[in-house]
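Here's a quick tour of this model, strand by strand and then chain by chain. Have the viewer open while you read.

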Amino acid sequence: MVKPKYFFSETFISLRRNFFMGFTAITTVAITLFIVGLFSLIVYDVQGIIKSVESDVELAVYLEDDISEELKDFIQQEILSWEETGSVNYVSKDQALERFRQQNEGSDILKEIEGNPLPASFEIALKSPEKIDRVALRFYDKDGNFIDGINDVIYGKEYVNKLFSITAIIGTIALLIILVLLLAAIVLIFNTIRLSIYARRKEIEVMKLVGATNWFVRIPFLFEGFFEGFTGSIISIILMYFISNFLLIKAERIIADTMHIKELSIIGSGNVIFYVYIGIAILGGLIGIVSSGIALRRYVKT
Amino acid sequence: MNMIEFKNVSKIYEDNTVALKNINLVMKKGEFLFLVGPSGSGKSTFIKLIIKEINESSGSIFIAGRNICNLKPGRIPQLRRNVGCVFQDFKLLPNRTIFENVAFALEVIGKPGYEIKIQVPQVLKLVGLHNKLNSYPHQLSGGEQQRVSIARAFVNRPPILLADEPTGNLDPTTSEGIMKILSRINLIGTTVLMATHDRNIVNSMRRRVVELEEGEIIRDQKRGVYGD
């Protein structure tokens, strides 16, 4: 009774017979999944950009001018021993002045400087930038004064906190949008496939009438649903491939360059694109076959 | 041998309309029976019960000696392969040729291709359409379409053929042609049950007539006529 050849040939014959419905279903899958996939990629890259902005957050610890060499070394060792610390860069008074001169070249302010008013400092980059508050607190004693040898600690507390709350909100919104898009895609695909089965309810009726078993009725439709979903998702993957290679990456490179962001996630994220592609292919086939199955329940009862 | 047997069968639909009331009827193998009565008298319900499109509310139905009341859903297709069905609206698939329409009935019950190639032209010859294998339903007249639908119902050689108002949409001359085919099929030994309210046909055929009125059998006559 199992006749794979019949089911395969029947699938393709009926795709040819019902070309318009099949075409509609495939196009729907392709367009909706393309939107979901492309948006996911964009969100992923924006997250990458946000991460690299976050990792630019640094803590500057200014030292007293009269700090002893031992204390300075001790503080540096101490900072290096913290697990949050990514790297520590010591900037001496001379280096600070040099840097200041370079940044303000040609400005009148340079003429007014006598001697070297700039303090030496440690610039601390953190592995986990969101812990910056906790790290900064270590330079204070119980009473809220700076510990010995420290003149000031600067890290733009407000700015950093705002940055983190904004990035958290962006992340949540992006996730919600992806979920909504995905849901819309699923509903749209399901309805299209349901319509294509509705258009052929007469065929199902006749099949049942002449004594086809339920599975014999179902299997060609399930094949078709799978084929439509899978083909649609392949088309959307091809579209995404071209869009991401020829537009997205270029656009992001420009954004990265203008924002002075060191790393651009998409360039180093071949794996992620690949997973998105695989995910979409599986999703397409699955939605197709499941939609057919659900839509058939109505017509294939007894 | 009893091909169709109704024992105290009643059918009450969910909206409480009583379609059939305590029906008792026996049809022997090779019999030809007209089920007559006005619209709404229960003729279609009668036919739907036999192919288990609906279930009886009480009583028992035997097909070829087998009680079908407790038939498992998985066994229903087997029942339908043994009961051909013809309807007033033909139920042909518009995007398939005549050959494909008839072949479809064999394909979906898993018949191999070589058998289909032999049986389909044979049955189309029986209904006189062997020269229109590649036409589409819309290219045929109503009578021809009904003959295709009969061919489809009979291609699997079921022992029972049910026809629900098969001439309902056809003119008298064309109807006569349909009746000739049904008689021929009956002569081969097929049990034929035809629901109709076509007075002329019933009167000219002089076969067994069962009359339904409001769900009850009010007359069962050998070689009967339509009635007043």
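In chain B of this predicted model, S7(B) and strand S8 (residues 191-196) run parallel and are joined by 5 bridges. If you want a spot to zoom in on, B:Ile160 stands opposite B:Thr191 in S8(B). The link between the two strands is helix H6 (residues 172-187) of chain B, and S7(B), H6 and S8(B) make a right-handed β-α-β unit.

S7(B) has another partner too: strand S6 (residues 83-87) of chain B pairs with S7(B) in the parallel sense, over 5 bridges. There, B:Gly84 is the residue opposite B:Leu161 in S7(B).

So how covered is S7(B), residues 160-164? Mostly covered: 5 of its 5 residues are buried. In a regular strand, side chains alternate between the two faces of the sheet. For S7(B), both faces are covered, with B:Ile160, B:Leu162 and B:Asp164 buried on one side and B:Leu161 and B:Ala163 buried on the other.

Here are the strand pairings of chain B that come with a bridge count and a facing pair:

| Strand pair | Sense | Bridges | Facing residues |
|---|---|---|---|
| S6(B) and S7(B) | parallel | 5 bridges | B:Gly84 and B:Leu161 |
| S7(B) and S8(B) | parallel | 5 bridges | B:Ile160 and B:Thr191 |
| S1(B) and S4(B) | antiparallel | 5 bridges | B:Glu5 and B:Phe62 |

The last row belongs to an open sheet of 4 strands in chain B, ordered S2-S1-S4-S5 with antiparallel pairing. Its edge strands are S2 (18-28) and S5 (66-67) of chain B, each pairing on one side only. Helix H1 (residues 43-50) of chain B packs on this sheet, where H1 touches S1, S2 and S4 of chain B. The direction of H1 makes about 120° with that of S1(B).

Now for chain A. Its secondary structure comes to 10 helices and 4 strands, running α-α-β-α-β-α-α-β-α-β-α-α-α-α from the N terminus on. The domain assignment gives domain 1 (4-53 + 163-297) and domain 2 (58-154) of chain A, and the C-alpha centres of these domains lie 52 Å apart.

What about the overall dimensions of chain A? Along its principal axes the C-alpha trace spans about 100 × 45 × 30 Å. Chain A has a radius of gyration of 31 Å, whereas a compact globule of 302 residues would have one near 19 Å. Of the 302 residues of chain A, 28% count as buried. Among contacts in chain A between residues at least 6 apart in sequence, 86% join residues at least 24 apart.

Key
Residues are numbered from 1 along each chain as its sequence is written. Chains are lettered from A and ligands numbered from 1 in the order in which they are written. This is a predicted model: local features need pLDDT of at least 70, side-chain atom pairs count only at pLDDT 80 or more; totals for chains, interfaces and linings use all residues. A residue is buried if 20 or more other C-beta atoms lie within 10 Å of its own, exposed if 12 or fewer, and partly exposed in between; C-beta atoms are placed from the backbone. Two strands pair if DSSP finds at least two bridges between them. A crossover is right-handed if, with the strands pointing away from the viewer, the path from the first strand over the helix to the second runs clockwise. Domain bounds come from an automatic or database domain assignment. The radius of gyration is taken over C-alpha atoms; the globule rule is 2.2 Å times the number of residues to the power 0.38. Two residues are in contact if their C-beta atoms, placed from the backbone, lie within 7 Å. Axes are lines fitted to C-alpha atoms, for helices over the stretch in contact, and angles run from 0 to 180 degrees between N-to-C directions.
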